[in-house]
Amino acid sequence: MHQVRLQIKGSDVARYSYSIHMQISAVLQSWSKPKNYPLFIRSVPIQNELKFHYTVHTSLDVVEEKISAVGKAMADQRELYLGLLYPTEDYKVYGYVTNSKVKFVIVVDSSNTSLRDNEIRSMFRKLHNSFTDVMCNPFYNPGDTIQSKAFDSIVSAMMVQAS
Amino acid sequence: MSRQSNRTTDSKKMNAELFTLTYGALVTQLCKDYENDEEVNKQLDKMGYNIGVRLIEDFLARSSVGRCQDFRETADVIAKVAFKMYLGITPSVTNWSPAGDEFSLILESNPLVDFVELPDNHSSLVYSNLLCGVLRGALEMVQMAVAVKFSQDTLRGDNVTEIRMKFIKRMEENLPAGDE
């Protein structure tokens with residue numbers, strides 16, 4: 001697991017309409033649990049949370065479409081980072097899926113133009129690394145919601161940095 | 001084909017994460033089986049004891065340290081040789097009691113607890129209690145009765161992990177109590 005240093009330029013304090021909403025959902029983890037339910041959700045600021053939930057949920061369809069599109073082709077040629085899933089008028093949605101079919105989704109305000117693609121990429125890499133640490137906790141059962149304080153603090157730090 | 005030659009060379013490298021995950025699986029399985037933190041702590045101590053009485057032979061064969069003259073020397077050997085050899089860390093020896101029969105080992109990092117976060121319902125679990133048993137068992141085989149416990153634990157929010165060791169008595173040359 002390599003360390004990634006995320007450098008994001010400071011932004012105006014006035015730009016408060018930002019929100020970064022992250023949702024992670026798990027699919028095919030266990031037979032008994034339903035598909036695509038979220039393991040972890042965080043948004044900042046917290047108004048409009050319901051709209052984010054909706055946006056993320058619909059974007060999961062796009063994610064599914066992208067990962068099944070490869071299909072017959074070599075699985076290892078598909079990148080983990082899915083890039084911009086689709087732009088709506090308000091938000092940009094980015095996706096990332098691991099080889100174990102765990103999906104990470106980041107929703108960012110369209111007015112936030114200072115977040116570049118490679119910054120989003122490194123955010124996903126950090127998320128992926130932190131998620132791996134959570135999985136290594138012997139008290140964590142795959143499929144549970146993520147309660148880990150370490151994961152929480154990494155996500156919070158990332159969202160503060162990006163906003 | 002003597003095992004002696006194996007022992008003088010470096011121990012085979014094993015992936016640290018596999019070791020940590022194995023220990024984690026052990027502890028969580030014990031928690032599921034006993035459902036009581038105190039009971040789990042006791043079991044970990046017992047298991048550690050059984051490891052310790054065997055590990056001491058390996059240690060003595062590998063390290064060729066002589067008999068320690070006093071408890072202070074014992075503490076140094078434990079911290080600088082034994083921990084280094086088996087866990088790859090070197091704790092510091094501090095907090096000697098005035099009588100010289102108690103000391104603390106301060107571990108900056110503990111390879112057993114990488115990635116571990118104790119959930120709230122296991123607040124009295126001493127996750128690394130196996131180590132206490134190992135130390136107790138190993139020292140018993142060199143005729144020293146000690147009491148070992150964790151006085152600080154990073155999993156519980158402390159800054160460092162501290163193991164407190166207290167010398168009880170020198171034992172007579174009798175057979176060990178055997179597997180408890």
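**Helix packing in chain B: worked exercises**

Helix α4 (residues 71-87) of chain B packs against helix α5 (residues 129-140) of chain B at an angle of about 120°, and their axes are 13 Å apart. This is a predicted model, where local features need pLDDT of at least 70 and side-chain atom pairs count only at pLDDT 80 or more. Residues are numbered from 1 along each chain as its sequence is written, and chains are lettered from A in the order in which they are written.

**Exercise 1.** Classify the packing of α4(B) and α5(B), and find the residues that make the contact.

Step 1: the angle of about 120° makes α4(B) oblique to α5(B) (under 35 degrees is roughly parallel, over 145 roughly antiparallel, 65 to 115 roughly perpendicular, the rest oblique).
Step 2: in the contact (heavy atoms within 4.5 Å), α4(B) supplies Thr74(B), Ile78(B), Phe83(B) and Leu87(B), while α5(B) supplies Leu131(B), Leu135(B) and Leu139(B).

**Exercise 2.** Now classify α3(B) and α4(B).

Step 1: helix α3 (residues 37-63) of chain B and α4(B) pack at about 100°, with axes 11 Å apart.
Step 2: α3(B) and α4(B) are therefore roughly perpendicular to each other.
Step 3: residues of α3(B) including Leu55(B) and Phe59(B) meet residues of α4(B), among them Val77(B) and Met85(B).

**Exercise 3.** Place Lys149(B) and list its contacts beyond neighbours within four places in sequence.

Step 1: look in strand β3 (residues 144-152) of chain B, where Lys149(B) lies.
Step 2: leaving those neighbours aside, Lys149(B) touches Cys132(B), Glu162(B), Ile163(B) and Arg164(B).
Step 3: from Leu131(B), Lys149(B) is 18 residues away in sequence and 9.0 Å away in space, C-alpha to C-alpha.

Note on methods: Heavy atoms only, no water. Axes fitted to C-alpha atoms, helices over the stretch in contact; angles between N-to-C directions. Helix = DSSP H or I, 4+ residues; strand = E, 2+ residues; numbered from the N terminus.
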